[in-house]
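Here is a short tour of a model for you to load in your viewer. Have a look at it first, and then read on.

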Amino acid sequence: MTLRLALVSPMPPSRSGIADYSEALAGALRPLAEVTVIASAPPEFDPNIYDAVVYQMGNNPHHCFVYDLALRHPGTVVLHEGNLHHLIADMTVARGDWDSYLREVEHEGGAPALVHARRAKALEVGPDYEGLPMIRRLLERSKAVVVHSR
């Protein structure tokens, strides 16, 4: 029986090193598994037709659909970066959705982080990109996580 694998990632020509990595990975996996590449948000996604779903997660707007699918359909996340704050800001603040951003910040860092984020919303300070990695929700929802470094 062949392993059925969904690989969720931006792919070339997307300007992302992770897209290039994922293209090479898909090629290397094809002799071992039936690989379905999901390179954009599908209108419908049924993870139950796969034995495993692997999400290639980066910290830029190319990965918005990956993050969304990973939360809705937990699988294995390959975390290429230990900080996703810019991604979350792109998915919320850049779209004018401060309420969602504030909820995510509070979930990640509690009341002190929320105070800072409210000050950022008021343009008193910048977002705490370095101090608040914004990975907690993804880690909580994932079945497994693979990292590339310590």
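## Two backbone outliers

This is a predicted model, and a good place to start is leucine 123, which is exposed with a relative accessible area of 74%. Leucine 123 sits in the loop between helix H4 (98–121) and helix H5 (136–141). Its phi is positive, about 65 degrees, although leucine 123 is not a glycine.

Methionine 134 lies in the loop between H4 and H5 as well. Methionine 134 also has a positive phi, about 55 degrees, without being a glycine. Is methionine 134 buried or exposed? At 3% relative accessibility, methionine 134 counts as buried.

## A cis peptide bond

Do check omega between proline 12 and proline 13: the peptide bond joining them is cis, with a value of about 15 degrees. Proline 13 belongs to the loop between strand S1 (3–8) and helix H1 (17–29).

## The overall fold

Five helices and five strands make up the chain's regular elements, and along the sequence they follow the pattern β-α-β-β-α-β-α-α-α-β. The radius of gyration is 16 Å, close to the 15 Å from the globule rule for 150 residues, so the chain is as compact as a globular protein of that length. Along the principal axes, the C-alpha atoms fill a box of roughly 55 × 35 × 30 Å.

Of the contacts with a separation of 6 or more, 66% come from residues 24 or more positions apart. Buried residues account for 42% of the 150 in the chain.

## Surface and charge

The accessible surface is about 8,300 Å², and carbon and sulfur atoms contribute 52% of this. There are 14 positive and 18 negative side chains, with the centres of the two sets 3 Å apart.

Technical notes. Residues are numbered from 1 along each chain as its sequence is written. This is a predicted model: local features need pLDDT of at least 70, side-chain atom pairs count only at pLDDT 80 or more; totals for chains, interfaces and linings use all residues. Side-chain values use heavy atoms; hydrogens and water are left out. Helices (H or I, at least four residues) and strands (E, at least two) are DSSP runs, numbered from the N terminus. The radius of gyration is taken over C-alpha atoms; the globule rule is 2.2 Å times the number of residues to the power 0.38. Buried means under 20% relative accessible area, exposed over 50%, partly exposed in between (1.4 Å probe, protein chains only). Contact means heavy atoms within 4.5 Å. Accessible areas come from the Shrake-Rupley method with a 1.4 Å probe; for residues, only the protein chains shown count as cover. Lys and Arg count as positive and Asp and Glu as negative; His and the chain ends are not counted. The place of a charge is taken as NZ of Lys, CZ of Arg, CG of Asp or CD of Glu.
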